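Hi,

Here is the structure I said I would pass on to you. Have a look at it first, then read my notes below.

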Amino acid sequence: MKIKKLGLMINKIKFKDNYNLEAYRNTDRLYRIQSGIYMFDDKPTMLRFMKALGITCGCERRLIKNKIEYFYNYRKLNLEQKEFLANRARALESITDMTSGIVIKNDCKCKKRQE
């Protein structure tokens with residue numbers, strides 16, 4: 001029997017309210033959601049989200065008809081865009097150490113939405 005490894009292990013999620021949250025491993029922040037916008041502080045975490053959900057830094061989530069929809073630059077992500085991001089994440093995983101457990105910090109490349 002083969003056991004599938006969990007993609008993302010989080011020790012702590014700090015909820016600011018029901019819509020905004022921050023996820024931490026030990027004391028390092030992995031990602032945060034502010035006003036529905038995803039911002040990743042850790043490269044392996046960003047690649048996992050890219051592969052699993054087809055979203056990247058700057059993507060926005062909205063609740064429409066009780067279903068979460070993802071948008072980028074105010075346009076809904078379509079299936080081809082999600083598939084492209086998943087394939088890009090697979091390519092980037094080959095040059096990124098995904099299993100070390102060390103948090104690899106990367107700066108958020110969002111120009112519009114900075115803290």
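Before the helices, one term: two residues are in contact when heavy atoms of theirs lie within 4.5 Å. Also keep in mind that this is a predicted model.

With that in hand, go to the two helices, H1 (43-53) and H2 (79-93). Which residues of H1 meet H2? On the H1 side they are Leu-47, Met-50, Lys-51 and Leu-53. Their partners in H2 are Lys-82, Leu-85, Ala-86, Arg-88, Ala-89, Arg-90, Leu-92 and Glu-93. Sorted by class, this contact holds seven nonpolar and five charged residues, and no polar ones.

How do the two helices sit against each other? Their axes are 7 Å apart, and the packing angle is about 140°. That angle makes H1 oblique to H2, because only angles over 145 degrees count as roughly antiparallel. The crossing of H1 past H2 is left-handed.

Now zoom out. The protein has two helices and seven strands, and reading from the N terminus the order is β-β-β-β-α-β-β-β-α. It has 115 residues, and 40% of them are buried. If you take the contacts between residues at least 6 apart in sequence, 40% of those join residues at least 24 apart.

Next, the inside. In soluble globular proteins, nonpolar side chains tend to end up buried together. Here the largest nonpolar core has 19 residues. Tyr-31, Tyr-38, Phe-40, Phe-49, Met-50 and Ile-55 are the ones with the most contacts inside this core. Several elements chip in with at least two residues each: strands E2 (21-25), E3 (28-34) and E4 (37-40), plus both H1 and H2. Which of them gives the most to the core? That would be H1, with four residues.

H1 is worth a second look, then. Its buried residues are Pro-44, Thr-45, Met-46, Leu-47, Phe-49 and Met-50. They pack against E3, E4 and H2. Notice that Met-50 turns up again: it is listed among the core residues with the most contacts, and it also meets H2. Right after H1 comes Gly-54, with a positive phi near 75°.

Glycine isn't alone in having a positive phi here, so try finding two other cases in the loops. Ser-35 has a phi of about 55° although it is not a glycine. You will find Ser-35 in the loop between E3 and E4. Is Ser-35 buried or exposed? Its relative accessibility is 52%, so it counts as exposed, since the cut-off is over 50%. The other case is Asn-66, again not a glycine, with a positive phi near 60°. Asn-66 lies in the loop between strand E5 (60-64) and strand E6 (67-72). With a relative accessible area of 76%, Asn-66 is exposed too.

Two last spots to click on. Leu-63 is in strand E5, and at 62% relative accessibility this leucine counts as exposed. From Leu-63 to Gly-36 is 27 residues in sequence, while their C-alpha atoms are 9.6 Å apart in space.

The other spot is Lys-16, in the loop between strand E1 (12-15) and E2. What does Lys-16 touch, leaving out residues up to four places away in sequence? Leu-21, Glu-22 and Gln-34. Lys-16 and Ile-33 are 17 residues apart in sequence, and the C-alpha to C-alpha distance between them is 9.8 Å.

If you only have a few minutes, start with H1: this helix gives the most to the core, and its buried residues pack against E3, E4 and H2.

Cheers

Methods. Residues are numbered from 1 along each chain as its sequence is written. This is a predicted model: local features need pLDDT of at least 70, side-chain atom pairs count only at pLDDT 80 or more; totals for chains, interfaces and linings use all residues. Side-chain values use heavy atoms; hydrogens and water are left out. A nonpolar core is a set of buried Ala, Val, Leu, Ile, Met, Phe, Trp, Tyr and Cys residues joined through side-chain atoms within 4.5 Å. Buried means under 20% relative accessible area, exposed over 50%, partly exposed in between (1.4 Å probe, protein chains only). Axes are lines fitted to C-alpha atoms, for helices over the stretch in contact, and angles run from 0 to 180 degrees between N-to-C directions. Angles under 35 degrees count as roughly parallel, over 145 as roughly antiparallel, 65 to 115 as roughly perpendicular and the rest as oblique. A crossing is left-handed if the near helix is turned anticlockwise from the far one by less than a right angle, and right-handed if clockwise. Ala, Val, Leu, Ile, Met, Phe, Trp, Tyr, Cys and Pro count as nonpolar, Asp, Glu, Lys and Arg as charged, and the others, Gly among them, as polar.
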